[in-house]
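Thanks for coming. I will take you through one structure this morning, and I will keep it short. Please have a look at it before I go on.

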Amino acid sequence: MSGERWKAAALPVALLVALEIGARASGIQSDALAPPSAVAVALAEAFADGSIIGATRDTLASAFAGLLLGGAVGLALGIALGIFQPFDRLMEVTIEALRPIPSIALLPIALIALGFGYRMEIVIVAFACVWPILILSRAAVRSIEPRLIEVSRALKLSPGDRVRKIIVPAALPRIFLAFRLAAGIALIVAVTVEIAINPIGLGASIMTAQQALRPDLMLAYLVWIGLIGYALNAGLVVAQKHLFGPAALAGEAR
Amino acid sequence: MKTLAGVALAATLFAGAAQAQNKLQVGCTATTDCASAMVAVDEGIFKKHGLDVEMTLIGINSNIPAAILSGSIQIGGPTSTVFLQAVDGGLDLVAVAGASVMNANSNANITAFVRNGITIKEPKDFVGKKVGAPGLGAFLHVLFVKWLVEKGVDPKGVNFVEVTFPTMADIIKSGGVDAVLTAEPFVTRMTNAGLGSIGARYAAELNRTEPIIFYAASRDWAEKNPDVIRKFRAAIAEAAPIVNDDREKSAASIAKFTKQSIELVKASAPNKSEPVLKAEQLAWWIDIMASQKMLQSKVDLNKVMLK
């Protein structure tokens, strides 16, 4: 396994070396590009002065809060729509009208209504996270083995117990997958909101570094966001395997 | 901006709740225009006048009107064009104090920089060229169009695209545009890198002294806080001479706020600080913006200037 990992790392490492050599040979003078070594130094400096840590906290706090809020709403609605078909038909037009709205398109309204800060970012991330979780959890509930539902009827379980004891456990692996998808979206949307408007977090730091003509620092933040995204997904994959066993990942490229 | 105007009503409903802060928040972009506020923070001038001010770095100038209305910042530094378009769109903003004005120095910093292989001998040579502006309808673009018109060139013949300052050097180098509307320190950086030459000094030729950026607030907040406004104006009036005369102090404050290196900041003089804002200065902007069809209504000068 670790040998395989090294092979997979060979291409990016070779690219970095080539970039470094290329940058030094051509003596680039750019306000948008920097050699990898300068990026590494800038990253280390940003850690040393603590600025990147504060920015990471702001971004992750907003992304997770938005993910939890949007996830809760999406999950509740998804399960309700999955169970009650008439409710699903009633809500279909509303949901299909709201779902295609890019969350970023809400930015001007969100800025004027909520102002800068966590609140605006959390609301926009939540809006983006509701839909994948809603759609996938609705599908997960619908695809539950019908006999399980029959069992719950035979046992005369109350609707609350039916959700708690039968539906959620049966749909959980797929719901978790939806959550994993939404986590990636949450990070992307949080950083985008910061780049566009919100003066906090990693996205705003990228913009500040760019405007301060520090391409090395800007790219350092970019690399760091990539690492966070990678770590986030890796952590969730481990959690998924741990919680649901390898079956939960069947059919996925790992 | 029109979408913003549409929700202005909703904004005033929310704004009240968001304003419950003790600190006075002042929002500006990473330019030297708000240097008077930066210096007033660092030199303790705001404190001396009894104000606790925190400055917020805002990425894009056109976000400032919305940030003011949301209550995230109480005072912001929009450019004249952003401010007037916001007011024209229905946002209830007022100008409270002057920040920066054009003068011989700042005008000399502004140029149209053309890439190698393009020669501009006279204004009409820009016809048919692709010209990058940092923002369409923003300060430099409006000035350049005004210059073209004064020189008898139809601006419709020029193909304008948006190019942000930090990407200008690369785009000029790659030939993606023929010219960029830019300012120092980018002119010197691109000249030293041998990417091209100065095609026109349009701001110097226009030779204006109107405001570039001024401090603005929402009418609602400004009318409720006359005391804060009075103190703010006094502090800015005290800080402005430091910006204009003390390069060391102003450069240190600008570098601190914009996060630019001190060498970069010192490479060019900050734009001139002028704490007093006069109605007739805005009248010039209203005239040229109206002639460029950027304003739909007649902006009432007496209304947008806070007494």
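I will begin with helix 8 of chain B, residues 139-150. This is a predicted model, so please hear everything I say in that light. Helix 8 lies across four strands of chain B, namely strand 5, strand 6 (130-133), strand 7 and strand 8 (179-182). Against strand 8 of chain B, helix 8 runs at about 115 degrees. Helix 9 of chain B, residues 165-174, also packs on the sheet, where it touches strand 5, strand 6, strand 8 and strand 9. The direction of helix 9 makes about 155 degrees with that of strand 8 of chain B.

Now the sheet itself. It is open, has five strands in the order 7-6-8-5-9 in chain B, and its pairing is mixed. Which strands stand at the edges? They are strand 7 (159-162) and strand 9 (196-200) of chain B; each has a single partner strand, so one side of each is left without a neighbour in the sheet. On average, neighbouring strands are turned by 30 degrees against each other, direction ignored.

For strand 9 of chain B, the pairing with strand 5 (residues 111-115) is antiparallel, over four bridges. Phe113(B) has Ile198(B), in strand 9, as its bridge partner.

Last, the two chains together. Here 22 residues of chain A are in contact with 28 residues of chain B. On the chain A side, helix 5 (107-114) and helix 9 (201-211) are the elements that give two or more residues. Helix 5 of chain A supplies the largest share, six residues. By class, that side of chain A has 14 nonpolar, seven polar and one charged residues.

Methods: Residues numbered from 1 in each chain as written. Chains lettered and ligands numbered in written order. Predicted model: local features only at pLDDT ≥ 70, side-chain atom pairs only at ≥ 80, totals over all residues. Contact = placed C-beta atoms within 7 Å. Nonpolar A, V, L, I, M, F, W, Y, C, P; charged D, E, K, R; others polar. Pairing = 2+ DSSP bridges. Axes fitted to C-alpha atoms, helices over the stretch in contact; angles between N-to-C directions.
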